[in-house]
Amino acid sequence: MSIKPKTIIQASHLSKIYHTSDLETIALNDVSFEIKEGEFVAIMGPSGSGKSTLMHIIGALDKPTSGTYILDGENVENLTDDELSDIRNRKIGFIFQAFNLLPRTTTMKNVMLPMAYAGVPLEQRLITAEKFLRLVGLGDRLSHTSNQLSGGQQQRVAIARSLVMNPAILLADEPTGNIASAQADEIMAIFQKLNDDGHTIVMITHEPDIAEHAKRIIHIKDGRIVEDSTKHQQRKIVSSPLLKGDAAQPRGILNK
Amino acid sequence: MNFIELLLESFNTLTLNKVRTGLAILGIVIGIGSVIALVSLGQATQTSIQNQIQSLGANLLTINPGAQRTGNVRTATSNTTLTEADATAIATSPQITTIASVSPEFSSRAQVTAGGNNGNISIVGATPAYLTIHKITMDTGVFIQDSDVSSIARVAVIGPQAAATLFPDGSSPLGQQIRITGQTFTIVGVTVTKGGSGFGSQDNIIFVPLSAAQKVLFGADHLTSVAMEAKSSDVMTAAQNEVGYFLLARHKITDPTKADFTIMSQADILSAASSTTGTFTTLLSGVAAISLLVGGIGIMNIMLVTVTERTREIGLRKALGAKKKTIITQFLTESIILTFTGGIIGIALGIFTSYIISVVSSSLFIVSPSSILLAFVVSAGIGILFGWYPAQRASSLQPIEALRYE
C-alpha cells in the first residue's frame with residue numbers, strides 16, 4: 001500500500017433535521033464519508049436530495065444536528081459563529097453558483113477580501129490577488145468592476161478569490177449553473193488544472209456532464225448516499241471501507 | 001482589515017448610492033443646522049438684551065410708579081404717584097446714605113417732525129443727572145443743563161437713530177429746529193450710539209429738559225420714573241430697601257405690600273430678561289432637538305433598508321470569514337460617516353444661517369463653540385445609537401440564510 005494521502009474531510013453519521021412549526025424535515029440521514037487530499041469529488045443529486053445541506057455543513061456554514069464533521073483536522077462541532085467564520089476563512093475556498101462578487105467593486109478588491117478578513121498586510125494582499133487573477137487568466141481585468149465582466153469571467157474571479165487563502169478544500173456549489181456552456185468548459189478546465197496541481201475540490205452539481213470532470217462522484221438521494229463511485233483512470237485513490245460509510249477508523253490517524 | 005481600510009470601504013459603499021446617502025445626510029444636516037442656528041439666535045438675543053440693559057448704567061436702581069401687587073385693583077391714579085418732590089427728597093434727605101445721584105425722568109412717545117421728515121420717537125424729560133446715571137456720551141454739543149431745566153428752555157438733545165430718521169440727508173442736526181407735538185425745539189447736542197435694537201432702543205430718543213417735557217409737551221407734574229445710582233454695586237439691596245422705606249413713609253403707606261411704586265435694580269431687570277430669553281432659547285433648542293431626533297431615525301431607516309438590501313453581500317462576507325465584530329464595525333462606520341458628514345455640513349449651514357439672520361435683523365452674530373461641540377458629539381452619538389440596531393441585525397444574519405436571500 002502506498003503512502004496514505006492526508007484526510008481532509010471526515011464526516012461520520014451526519015444528520016440534519018429542520019424543524020418548522022409542525023413539520024420535521026430530515027435533510028440528511030446518517031451520512032458518512034471521507035475525502036482525502038487531492039481528490040476531485042462531485043456530489044450529485046436531484047433537488048431536495050439534501051446535497052445543498054451537505055454542502056453547507058462541509059462549508060462550515062451550518063452545523064449538523066448530529067454526527068461529527070472534522071475538517072482538515074479541526075472538529076467543527078462546538079464552534080461559535082466567529083470561530084466558524086475563521087474556519088471558513090482559512091480552510092475553505094467558496095465558489096458559488098451566483099458568483100457572489102461584491103457589486104461595483106474591482107476584481108482586485110473582490111479577490112483581496114478574504115485576506116483582508118484574515119489580517120494579511122496590504123502589500124501581500126495585492127501581490128497574492130494579482131498572482132491568482134493571472135492564474136485564472138484575468139491578468140488584464142484587474143481594475144474592472146464585477147458588473148463589467150461576463151458570467152464566466154466573474155466565476156473566474158470567484159475562483160481566484162477562493163484560492164488566495166490557500167484553503168484545504170475548494171467548495172464549488174453548481175459553479176457552472178449560471179454561465180453559458182462554452183464558458184462552463186473553461187471553468188471546468190480551470191478546476192481540472194487546479195486539481196492536477198494538488199487542490200482538493202468538492203463540487204455540488206446536478207448536471208451529469210459537469211460531474212464527469214470529477215474523479216469521484218457521490219450520489220445523494222433523500223438525505224442518504226446512494227452511490228459512491230471512483231473512476232478507474234488517473235491517479236489511484238486509496239479506497240478504504242470508510243468510503244462506504246463506515247466510521248470505525250481510529251481518530252489518531254485522521255488527525256494527522 | 002485596519003481602520004483606514006474600513007473607512008475607505010465604508011466610504012466607497014456610501015458613494016455607490018449617492019441619492020440615498022444624500023437623503024440620509026440631509027436629515028442630520030437639517031437637525032444639526034437648526035440646532036446651531038436656533039441656539040445662536042437665542043444666545044444673540046440674550047446677549048443683545050443683556051448688553052442693552054447693562055448699557056443703561058451700572059449700579060442703577062429705577063423707581064417706577066404703580067403698585068407691585070395690589071390684588072386685582074390697579075388704579076389709574078397710581079401711575080401719577082411719583083413726583084419731582086420725591087426725587088428731590090431722596091437726593092437731599094440725610095436718611096439716604098447709599099444713593100450717589102438721582103435722575104427724575106418723564107418719558108413718553110411723541111410724533112416729531114423736522115422739515116419734511118417725521119417719526120414716532122421716544123421723548124425723555126431729563127435733568128443733567130441723567131447723563132452720568134445712564135452713561136450717556138455726547139457726540140457733539142452739550143446735554144441738558146440745570147439752567148435749561150429751571151428756565152424751561154426749548155432745547156433738545158437727539159440720539160443718533162432719531163437723528164438719522166429726522167435728518168436722513170446726513171446733515172448735522174446741531175442748531176436745527178424740530179417740532180415735538182407742535183412745539184419747536186432747538187437741537188443742542190447729539191449723543192453717541194449705545195447700540196441695542198428693537199424696542200427700548202437707546203438711540204431712537206430725544207432728550208428735553210424735564211420741566212419742558214412736563215409743562216410744555218405733556219402737561220403733567222408727575223414723573224414716569226426716577227433713576228438712581230447706588231454708591232457701589234455692594235449696597236444695591238440696602239439702597240433698594242432704604243429708598244423703599246423712605247418713600248413708603250413719604251407716601252404715608254404702612255403696609256409695604258400696598259406700595260404705590262416699584263424699585264427695580266439692574267440685576268432684577270437682567271434676571272427677568274434673562275429668564276425670558278432663556279425660556280426662548282430652551283424652546284428653540286427643543287424644536288431643533290426634535291428635528292435632530294427625526295434625522296437620526298431617518299439614518300436608522302436608511303441603514304435598515306441597506307441591511308435588507310445587502311443581505312446577500314453580508315452573507316458572502318461572513319462566508320468568506322468576516323466575524324460578527326467586523327460586520328458591526330462596517331455598518332457602524334457607515335452610519336457614523338453619514339451622521340458626521342451631515343454634522344459638518346449642518347454646522348456650516350447653521351453658522352451661515354445665523355450669520356444671515358444677524359445681518360437681516362441687524363442683531364449680534366454669536367456662534368458658541370459649545371453648541372458646535374455639542375452638535376459634533378450629538379451627530380456622532382446619533383450615528384452610533386441609530387446605527388447600532390441595523391448593524392446588530394446585519395451581523396447576526398446567518399450566512400446560509402443570507403446567501404439564499406433573493
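This briefing covers the confidence, folds, cores and chain contact of the structure above. The model is predicted. It scores ipTM 0.85 and pTM 0.67. Chain B holds 13 helices and 10 strands. Chain A meets chain B through 18 residues of its own and 16 residues of chain B.

**Confidence**
- The mean pLDDT of chain B is 84, and 94% of the residues score at least 70.
- Strand E5 (residues 155-158) of chain B has the highest mean pLDDT among the elements of that chain, at 94. H9(B) has the lowest, at 81.
- Residues 68-78 of chain B fall below a pLDDT of 50. Beyond near neighbours in sequence, this stretch makes 9 contacts in the model.

**Chain B overall**
- Of the 406 residues in chain B, 42% are buried.
- Take the contacts in chain B between residues at least 6 apart in sequence: 82% of them join residues at least 24 apart.

**Contact between chains A and B**
- The contact draws 18 residues from chain A and 16 residues from chain B.
- On the chain A side, the elements that give two or more residues are helix H2 (81-91) and helix H3 (107-118) of chain A.
- H2(A) gives the most to that side, with 6 residues.
- By type, the chain A side splits into 8 nonpolar, 4 polar and 6 charged residues.

**Nonpolar cores**
- The largest nonpolar core has 110 residues. Residues from both chains rank among those with the most contacts inside it, including A:Ile43, A:Ala160, A:Leu171 and B:Ile299.
- Helix H2 (residues 18-55) of chain B gives the most to this core, with 13 residues.
- Another core, of 55 residues, lies apart from it. Among its members are B:Ile180, B:Phe207, B:Ala212 and B:Met228.
- A:Ile43 is one of the residues with the most contacts inside the largest core. Leaving aside neighbours within four places in sequence, A:Ile43 is in contact with A:Lys51, A:Leu54, A:Met55, A:Val202, A:Ile204, A:Ile218 and A:Ile220.
- In soluble globular proteins, nonpolar side chains tend to be buried together.

**Helix H8 of chain B**
- H8(B) runs over residues 236-250, 15 residues in all. Its first and last C-alpha atoms are 21 Å apart, close to the 21 Å expected at 1.5 Å a residue.
- Its buried residues are B:Met236, B:Ala239, B:Gln240, B:Glu242, B:Val243 and B:Leu247.
- An α-helix has 3.6 residues a turn, so residues three or four places apart point the same way.
- The cover over the buried residues of H8(B) includes helices H3 (84-92) and H9 (266-309) of chain B. It also includes strands E1 (60-65), E2 (99-114), E9 (225-230) and E10 (261-265) of chain B.
- Just after H8(B), B:Lys252 takes a positive phi of about 55 degrees.

**Pairing around strand E2 of chain B**
- E2(B) pairs with E9(B) in the antiparallel sense over 6 bridges. B:Ile99 has B:Ala230 of E9(B) as its bridge partner.
- E2(B) also runs antiparallel to strand E3 (residues 117-126) of chain B, joined by 9 bridges. B:Ser108 is bridged to B:Ile123 in E3(B).
- The hairpin of E2(B) and E3(B) has 2 residues between the strands. In this hairpin, B:Gly115 takes a positive phi near 60 degrees.
- Strand E6 (residues 177-180) of chain B pairs antiparallel with E2(B) over 2 bridges. B:Thr113 stands opposite B:Arg179 in E6(B).

**The chain A sheet and A:Thr68**
- Four strands of chain A form an open sheet in the order E2-E1-E4-E5, with antiparallel pairing.
- Strand E2 (24-36) and strand E5 (74-75) of chain A are the edge strands, each pairing on one side only.
- E4(A) and E5(A) pair antiparallel over 2 bridges. A:Leu71 has A:Glu74 of E5(A) as its bridge partner.
- A:Thr68 sits in strand E4 (residues 66-71) of chain A. A:Thr68 is partly exposed because it has 16 other C-beta atoms within 10 Å, whereas a buried residue needs 20 or more.
- The C-alpha atoms of A:Thr68 and A:Ala11 are separated by 6.0 Å, though these residues are 57 residues apart along the chain.
- Leaving aside neighbours within four places in sequence, A:Thr68 is in contact with A:Ser12, A:Asn75 and A:Glu77.

Definitions and conventions
Residues are numbered from 1 along each chain as its sequence is written. Chains are lettered from A and ligands numbered from 1 in the order in which they are written. This is a predicted model: local features need pLDDT of at least 70, side-chain atom pairs count only at pLDDT 80 or more; totals for chains, interfaces and linings use all residues. A residue is buried if 20 or more other C-beta atoms lie within 10 Å of its own, exposed if 12 or fewer, and partly exposed in between; C-beta atoms are placed from the backbone. Two residues are in contact if their C-beta atoms, placed from the backbone, lie within 7 Å. The expected span of a helix is 1.5 Å times one less than its number of residues. Ala, Val, Leu, Ile, Met, Phe, Trp, Tyr, Cys and Pro count as nonpolar, Asp, Glu, Lys and Arg as charged, and the others, Gly among them, as polar. A nonpolar core is a set of buried Ala, Val, Leu, Ile, Met, Phe, Trp, Tyr and Cys residues joined through C-beta atoms within 7 Å. pLDDT is the predictor's confidence in each residue, from 0 to 100. Two strands pair if DSSP finds at least two bridges between them.
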